[in-house]
Amino acid sequence: MSTIVIGAGLAGLFAARSLAHGGEDVVVLEATPHLGGRTRGDRESLAYGQVADLGASWLDIGQDTLLSFCLEHDVRLRPRVALFPKGPDQRYSGASILLGNLVTDGQRVDAGERSAMAWEVLDALDAAPPSGAETLTAWARRVGLSVKSRHAYVMQAGFNPVTRGDLVSSWHVHPGDIGRLCWLLADGTDSIARTASAGLDIRFSTPVRVVTRAGRGYRVLTDTGDFTADRVVVTASVQATRRIGFDPVLPSWKIEALLGTPMAQGGKVVAQYRDGGRILDAAGPSTMTDSPVSMFWLKSGPEDTVIALGTVADTGDGRLDDAAATLTDLDRQIEAMTGVTPSRVGGVVQNWTTEEFVGGVVNLGTGGFARRAALGAAVGGVHFAGEATGEWASAMEGAARSGQRVADEILQKIRARRPAPEVLV
Ligand SMILES: Cc1cc2nc3c(=O)[nH]c(=O)nc-3n(C[C@H](O)[C@H](O)[C@H](O)COP(=O)(O)OP(=O)(O)OC[C@H]3O[C@@H](n4cnc5c(N)ncnc54)[C@H](O)[C@@H]3O)c2cc1C
C-alpha cells in the first residue's frame with residue numbers, strides 16, 4: 001500500500017517515518033527546496049558556521065515526543081534555560097514574564113518597576129482569571145490594569161504566538177507554561193528534521209496543486225508531474241491547505257474549519273554580535289520589548305560572539321520586508337538593554353507571512369478542541385495532520401504528535417482490512 005505525504009515539516013516527517021516503519025511505501029512531496037517547514041535553518045547568514053533558526057527555537061517542558069526523539073537519536077540540546085523567572089509569588093503565571101528583562105520606549109525598565117507591575121497583574125489574575133478564549137487586551141481592560149501594566153502584559157503576545165494582544169486568547173500566555181524550562185537545539189532546530197528525514201523519499205520543489213480521487217486511490221497533481229497512491233496525508237498549514245484543490249471538493253465542515261482558523265502573522269530576526277560575553281551578562285537569557293522586535297533571546301557563539309533571536313509580529317507596516325530596518329531595531333533594543341553598542345557580524349530576517357506555502361507563524365487556536373478535531377479528521381483516504389490539528393497547539397510537539405497520530409490512523413485501517421490469517425488445525 002502507498003501513501004503520499006504533502007509537506008516535509010515535522011508533521012510530514014513524523015507521519016512518513018511512522019508509516020515507513022509500519023511497512024508503507026511513502027513519498028513526501030515538499031513545495032520548497034527546504035527541509036523542516038517552520039523549523040528551517042539558515043547556514044549562510046551568520047559567521048563561524050553558526051545556524052540561524054528561522055522558525056521555531058525552543059523545546060519546552062512537556063514536548064515529550066521530541067525530547068525523547070532527541071535523546072534516542074543523539075540530537076544535541078543546549079543546556080536547559082528558564083526564559084524568565086517564576087512570578088513574584090514563586091508561581092508561573094501570565095505575570096512571570098514581566099519579572100524578566102523589559103525595554104519600553106527604548107529604555108530598560110528597572111527591577112522595582114517590573115516587580116510592581118508583575119504583582120499588579122498577578123493579583124488581577126488571581127482575583128478575576130481570564131476565560132480561556134478572552135483576548136489579552138480584553139482581559140487587561142476588564143480588570144482595569146494600569147496603562148503601564150496593561151501595555152507590558154499585552155506585549156507578551158508578540159513573543160507567543162507572535163501577534164497582537166487583541167488577536168490572542170488568554171490560554172496562550174496564562175498560566176504561563178511556555179518558557180519555564182526549555183532547550184535550544186545545539187546544531188540548530190532543523191537538526192530534528194534532518195535526523196527524522198533519514199531514509200525517506202522526499203521530492204523537493206514539488207508543490208502539490210490538486211488532490212483528486214482516481215479509482216480506489218488518489219492522483220496528486222504537482223508542478224513537476226503527477227503521483228498516484230492509495231491515500232494522501234496533508235500536513236500543510238491551514239493557510240497553505242486552503243490553496244490546494246480537492247476533487248471531490250472537501251465537505252463544508254472541513255472548509256469552514258480551515259477558513260475559521262487564522263494564523264499569527266510575523267517572522268523572526270536573527271543576528272550575531274561581537275562582545276558576546278558582555279551582552280550575555282547584561283541581557284541573558286531573554287528580553288521583552290515594545291519595539292517591532294517583541295522579544296529577543298541570546299545564545300553564546302564562538303569567538304566571543306552572541307546570537308540574538310527575536311520574534312517580529314507583522315502589523316502590516318511592511319517592517320518585516322525591510323531587513324535592514326528590522327536588524328537595526330534589534331541592535332537598538334540590545335543597546336538599550338545592555339548599554340553595549342552592538343557590533344553586528346551577520347544577520348537575517350525571515351517573513352513567514354509572505355511564504356507562499358506557510359502563510360503565517362502558527363494557528364491562533366480559535367475554536368478550541370472542536371475546531372482542531374475538524375481540522376484533523378480524515379475525509380475518505382485524505383488524512384490531515386500539522387500543528388493546527390495537534391493537541392499541543394501551535395508548537396513543534398503538536399506537529400510531531402499529529403504526524404504520528406495520522407500514521408497510526410492509516411496503519412490501523414490497513415490492518416483492519418487485511419484478511420485474518422488462516423489457522424491450520
Ligand atoms: C517564528 C516562529 C517561531 C516559532 N517558535 C516555536 C518554538 O520556539 N517552539 C515550538 O515548539 N514551536 C515554535 N513554532 C511553531 C512550530 O515551528 C510549528 O508549530 C511547526 O514547525 C509546524 O510544523 P508542521 O509540520 O505542522 O507545518 P510546517 O512546518 O508548515 O510544514 C508544512 C510543510 O508543507 C509544505 N507545503 C505546504 N503546502 C504545500 C503544497 N501545496 N505542496 C507541497 N508541500 C507543501 C511547506 O513548505 C512545509 O514545509 C514557531 C513557528 C514560527 C514560524
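These exercises walk through one predicted protein model, each with a worked solution.

Residue numbers start at 1 along each chain as its sequence is written. Because the model is predicted, local features need pLDDT of at least 70, side-chain atom pairs count only at pLDDT 80 or more, and totals for chains, interfaces and linings use all residues.

**Exercise 1. Overall build**

Task: Find how many helices and strands the protein has, and check its radius of gyration against that of a compact globule.

Solution:
- Step 1. Count the elements: there are 12 helices and 20 strands. Helices (H or I, at least four residues) and strands (E, at least two) are DSSP runs, numbered from the N terminus.
- Step 2. Apply the globule rule: 2.2 Å times the number of residues to the power 0.38, with the radius of gyration taken over C-alpha atoms. For 425 residues, a compact globule would have a radius near 22 Å. The protein has 22 Å, which agrees.
- Step 3. Look at burial: 51% of the 425 residues are buried. A residue is buried if 20 or more other C-beta atoms lie within 10 Å of its own, exposed if 12 or fewer, and partly exposed in between; C-beta atoms are placed from the backbone.

**Exercise 2. Domains and ligand**

Task: State which domains the protein has, and explain where the ligand shell lies.

Solution:
- Step 1. List the domains: domain 1 (2–38 + 190–262 + 365–417), domain 2 (41–60 + 181–185 + 263–351) and domain 3 (96–172). These bounds come from an automatic or database domain assignment.
- Step 2. Collect the shell: 41 residues surround the ligand, and the closest are Gly 7, Gly 9, Gly 37, Ala 56 and Ala 399. A residue counts as near if its C-beta atom, placed from the backbone, lies within 6 Å of the molecule.
- Step 3. Name the elements: α1 (10–21), β15 (266–273) and α12 (396–417) give two or more residues each.
- Step 4. Sort by class: 22 are nonpolar, 14 polar and five charged. Ala, Val, Leu, Ile, Met, Phe, Trp, Tyr, Cys and Pro count as nonpolar, Asp, Glu, Lys and Arg as charged, and the others, Gly among them, as polar.
- Step 5. Conclude: domain 1 and domain 2 both give residues to the shell around the ligand, so it lies between them.

**Exercise 3. The seven-stranded sheet**

Task: Give the strand order of the open sheet of seven strands, and say which strands stand at its edges.

Solution:
- Step 1. Read the order: β7-β6-β16-β17-β18-β15-β19, with mixed pairing. Two strands pair if DSSP finds at least two bridges between them.
- Step 2. Find the edges: β7 (107–108) and β19 each have a single partner strand, so one side of each is left without a neighbour in the sheet.
- Step 3. Check one pair: β17 (residues 293–300) and β18 (residues 306–313) run antiparallel, joined by seven bridges. Trp 297 has Leu 309 in β18 as its bridge partner.
- Step 4. Zoom in on β19 (residues 344–351), where Gly 347 is found. Gly 347 is buried, because 22 other C-beta atoms lie within 10 Å.
- Step 5. List the contacts of Gly 347, leaving aside neighbours within four places in sequence: Ser 45, Val 270, Ala 271, Gln 272 and Leu 327. A contact means that the C-beta atoms, placed from the backbone, lie within 7 Å.

**Exercise 4. Hairpins**

Task: Trace how β10, β11 and β12 are linked.

Solution:
- Step 1. Start with β10 (residues 208–214): six antiparallel bridges join β10 to β11. Two residues lie between them in a hairpin, and Gly 215 in the turn has a positive phi of about 65°.
- Step 2. Go on to β12: β11 (residues 217–222) and β12 (residues 225–229) pair antiparallel over five bridges. This hairpin also has two residues in its link.
- Step 3. Turn to β14 (residues 245–247): β10 pairs with β14 in the parallel sense over three bridges. Thr 212 has Asp 247 as its bridge partner there.

**Exercise 5. Unusual backbone**

Task: Locate the cis peptide bond that starts at Asp 247, and decide whether Gln 90 is buried or exposed.

Solution:
- Step 1. The bond from Asp 247 to Pro 248 is cis, with omega near 5°. Pro 248 sits in the loop between β14 and α8 (252–259).
- Step 2. Gln 90 is not a glycine, yet has a positive phi of about 70°. Gln 90 is exposed, because 8 other C-beta atoms lie within 10 Å.

Terms used. Contact = placed C-beta atoms within 7 Å.
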